[in-house]
Amino acid sequence: MVVGGTRGIGLAVAELLATQGAGVVLNGRDPATANEAAERIAGAIAHPGSPSDPDVADALIERCVEEFGSIDILVNCAGTPGLAGESILRVTSTLFRDLIDAHLMTTFETCRAAAPKMVEQGGGSIINTSSFAYLGDYGGTGYPAGKGGVNGLTMAIAAELKEHGVRANVVCPGAKTRLSTGSEYESHIAELNSRGLLDNASTQAALDAPPPQYAAPIYAYLASDLAKGVTGQIFIAAGGFVGRFDRQTPAIIGYRDHADSPPWSIEELDGLIR
C-alpha cells in the first residue's frame, strides 16, 4: 500500500516496488490521477480517497489484503506543502488542523489499520515520510508539527511492534515535486533565507532538488528483507546523499541527588545552561 502513491515521491516508490515484484495498491485523493498512475504500473490497483478518514484507511488496507492476500508493506507519502500563511503570527486554527490531518492523522489512520494485520501475519514494514522541516528550519507551524508527530508516532510503533516482527522507519526525502516547485514555493524559500532561517546551502538545495527517483530506493530497501533488522530509525534521502538522524538522548548539564539537596535555584540553572 502506497499512500500518496499517485504523484511525486510516492509514485516513484510505487514504480520501484513493482519492479521488485510487489503488488501495489495506489492511494491518492483524486480518482482520475489515481487511475492514471495505476495504468502506468503493471499489476497496480488504484484506490482513491483521503486516509485521514478512518473508514477510508480501513478500506485501503482491506483492499490490499483482498487483492494480494496480505499487507506486507505500508508506505505513507501523502502530504501538502508548508505555506507562508502558517507562520505562528498568521496561522488560523483551521489551517493548522488541516495540516495536522494531512500529515499526522493520515499516517496514524493507515498505521492503525495495518498494524493488527501485520502482527497477525507475523511481520511487515511500515515506512512513513517526514521532513527536515520538523526541526523548524523551514518556518511554519502545522507542517513541522505534523512531521514531528510522524517521527514520534513511528518511533512508538517501532518499539511496540518489534517483538511481533513489524518494522517501522521514517524517511525525510529531498526531491523536486509539485510541492517544491512554483513561484510561491520559491518566494517562501527566499523569504526564509532572508530571515536567516535557511542558510545559503540549504536554500540552494531546496530550490534545486533532485528527481523523486533518487529518493525511492531507500523506501524499497526498508521494505525489503535486507532491512529485516532495521527499525525505529529516521533516514534522509536527497539525491545522492543518504543520511540518518541520531536518536535523541539527553545530555546532562547538571545533577545532584534530590535526597540531600534542594531544588536548583534560578541563578544556578542560569549558570548551568548558559
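Accessible areas here come from the Shrake-Rupley method with a 1.4 Å probe. Keep that in mind as you open this predicted model and begin the tour.

**Stop 1: the whole chain.** Show the surface of the protein chain first: about 14100 Å² is exposed, and carbon and sulfur atoms supply 54% of that area. Now switch to a cartoon view, where you can pick out 9 helices and 8 strands. Of the 274 residues in the chain, 43% are buried. If you display contacts between residues at least 6 apart in sequence, 65% of them join residues at least 24 apart.

**Stop 2: the cavity.** Next, head inside. How many cavities of 30 Å³ or more does a search of the whole structure find? The search finds 1, and the space in this largest cavity is about 40 Å³. To see its lining, select Asn 76, Cys 77, Ala 78, Ala 102, His 103, Thr 107, Asn 128, Thr 129, Lys 147 and Val 150. Then color α4 (93-121), β5 (124-129) and α5 (142-161), each of which supplies at least two lining residues. The most comes from α4, with 3 residues.

**Stop 3: a nonpolar patch.** Return to the surface and select Ile 253, Trp 264, Leu 269, Leu 272 and Ile 273, which together make a nonpolar patch of about 450 Å². Zoom in on Leu 269, found in helix α9 (residues 266-273). Why can Leu 269 be called partly exposed? Its relative accessible area is 34%, and partly exposed covers values between the buried limit of 20% and the exposed limit of 50%. Leu 269 is a good residue to leave selected as the tour ends.

Conventions
Residues numbered from 1 in each chain as written. Predicted model: local features only at pLDDT ≥ 70, side-chain atom pairs only at ≥ 80, totals over all residues. Heavy atoms only, no water. Patch = residues over 30% accessible without salt bridge, like charges linked within 9 Å, V, L, I, M, F, W, Y side chains within 5 Å. Salt bridge = Lys/Arg side-chain N within 4 Å of Asp/Glu carboxyl O. Helix = DSSP H or I, 4+ residues; strand = E, 2+ residues; numbered from the N terminus. Buried < 20%, exposed > 50% of the residue type's maximum accessible area, 1.4 Å probe, protein only. Contact = heavy atoms within 4.5 Å. 1 Å grid on protein atoms, 1.4 Å probe; cavity = no way out; pocket = protein on both sides within 12 Å on 5 of 7 lines; lining within 4 Å. Points joined across faces, edges and corners; volume = space filled by probe spheres on them.
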